[in-house]
Amino acid sequence: MIGEVEQAVSTGSLPGWGLVDELVHVVHDRYRSHDEGVVATYIPVLADADPGAFGVCVAETSGGIHEAGDTGVDFSVQSISKAFVYALVCEALGHEAVRERVGVNNTGLGFSSVMALELNEGHPMNPMVNAGALATTAMMPGSSFAEQWENVRTGLSRFAGRQLALDGEVYRSESATNMRNKAIARLLQSYGRIDLDPLGVVDVYTRQCSLLVTARDLAVMGATLADGGVNPLTGDRVVSGQVCRDTLAVLASTGMYERSGEWLFEIGLPAKSGVSGGIVAVAPGKGAIGTFSPRLDPAGNSVRGQRATGYLSRALGLNVFASAARVPERDVPPAELTKDDR
């Protein structure tokens with residue numbers, strides 16, 4: 001039991017403005033011609049995305065913005081919304097209530113898996129898979145589904161620092177094809193994980209996934225989590241520092257679907273991806289990276305986005321697991337070191 005111990009925070013800072021700006025452009029030039037991956041087609045309207053679109057943005061907790069490429073192109077937020085709705089629900093209901101209902105462990109299976117639910121006796125396991133996201137959305141405060149939806153839209157807009165709009169075409173396309181989510185929601189209801197009409201919950205969730213964002217928005221939203229819940233552009237406190245810690249911990253272990261372990265091992269940043277091609281990666285205390293490129297790997301993660309984020313993580317010293325000797329190594333043979341030196 002450690003809840004009574006005050007959480008100390010120790011973070012570093014980004015390199016100087018010029019270097020960050022230079023590296024954002026370097027990484028865009030480096031990967032913009034890469035054409036691996038395929039555009040998502042299981043949501044029909046996503047198949048029309050421009051496979052050549054590519055934007056990279058870094059938002060600093062101080063409010064600085066560095067961007068290159070298609071950072072102003074709108075796309076639907078899709079599963080990235082899960083992270084920020086989770087934060088809003090944690091802010092409203094608290095750490096324990098959301099942990100008990102939704103969970104925090106990786107399923108090791110695909111994001112739309114029904115098997116994962118059955119294997120865990122109806123427990124969603126974490127909020128970054130569809131089952132957990134539906135359970136989380138069902139917990140959003142509101143006396144009606146319309147009020148819940150408005151609270152979602154308003155909350156995500158506060159994270160972005162501007163009013164976000166619904167893409168009606170994406171919403172209609174997803175609504176016509178989201179049979180699996182409807183089945184998952186009904187299964188959650190049967191296990192007592194959803195107390196509301198499951199089809200109404202699916203509708204709110206479909207709307208939240210259909211909100212339009214840009215790579216710049218994602219970077220600002222991530223930087224809000226990086227700065228203890230304060231939006232770096234507006235100064236608005238969206239959520240508490242405790243909620244940011246909870247959200248980033250969940251993203252670290254589950255944010256990149258079944259590839260989350262590999263991502264954390266190679267890149268070392270809490271992150272969330274969406275099948276429209278977005279990725280947001282957060283460096284606590286420093287800022288966040290937002291990328292957009294619709295070509296995806298088999299797990300549903302943007303290929304260019306992963307490479308760009310990986311490059312910046314290493315070059316800017318963002319990997320939360322990276323360490324170096326505090327004192328430079330001395331040119332003294334080991335045998336000549338004194339006991340105190342050792």
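This report covers the nonpolar cores, the sheet and one helix that lies across the sheet in a predicted model.

## Main core

The largest nonpolar core holds 49 residues. Within this core, the residues with the most contacts are Phe84, Leu156, Phe159, Leu218 and Val239. Both helices and strands supply two or more residues to this core. The helices are H2 (81-93), H3 (95-102), H6 (145-160), H10 (215-226) and H11 (241-254). The strands are S2 (55-60), S7 (278-283) and S8 (287-292).

Phe84 shows how these parts meet. Beyond its neighbours within four places in sequence, Phe84 is in contact with Leu156, Phe159, Met221, Gly222, Leu225 and Val280. In soluble globular proteins, nonpolar side chains tend to be buried together.

## Second core

Another core, of 23 residues, lies apart from the largest one. Val24, Phe54, Met256 and Leu269 are among its members.

## Sheet

Five strands form an open sheet in the order S3-S2-S8-S7-S6. Pairing is antiparallel. Strand S3 (65-69) and strand S6 (271-273) are the edges, and each pairs on one side only. On average, neighbouring strands are turned by 10° against each other, direction ignored.

S7 and S8 pair over 6 bridges, in the antiparallel sense. Ala283 has Gly287, in S8, as its bridge partner.

## Helix across the sheet

Helix H13 spans residues 303-315. H13 lies across S2, S7 and S8. Relative to S8, helix H13 runs at about 155°. Strands S2, S7 and S8 also give residues to the largest core.

Notes
Residues are numbered from 1 along each chain as its sequence is written. This is a predicted model: local features need pLDDT of at least 70, side-chain atom pairs count only at pLDDT 80 or more; totals for chains, interfaces and linings use all residues. Side-chain values use heavy atoms; hydrogens and water are left out. A nonpolar core is a set of buried Ala, Val, Leu, Ile, Met, Phe, Trp, Tyr and Cys residues joined through side-chain atoms within 4.5 Å. Buried means under 20% relative accessible area, exposed over 50%, partly exposed in between (1.4 Å probe, protein chains only). Helices (H or I, at least four residues) and strands (E, at least two) are DSSP runs, numbered from the N terminus. Contact means heavy atoms within 4.5 Å. Two strands pair if DSSP finds at least two bridges between them. Axes are lines fitted to C-alpha atoms, for helices over the stretch in contact, and angles run from 0 to 180 degrees between N-to-C directions.
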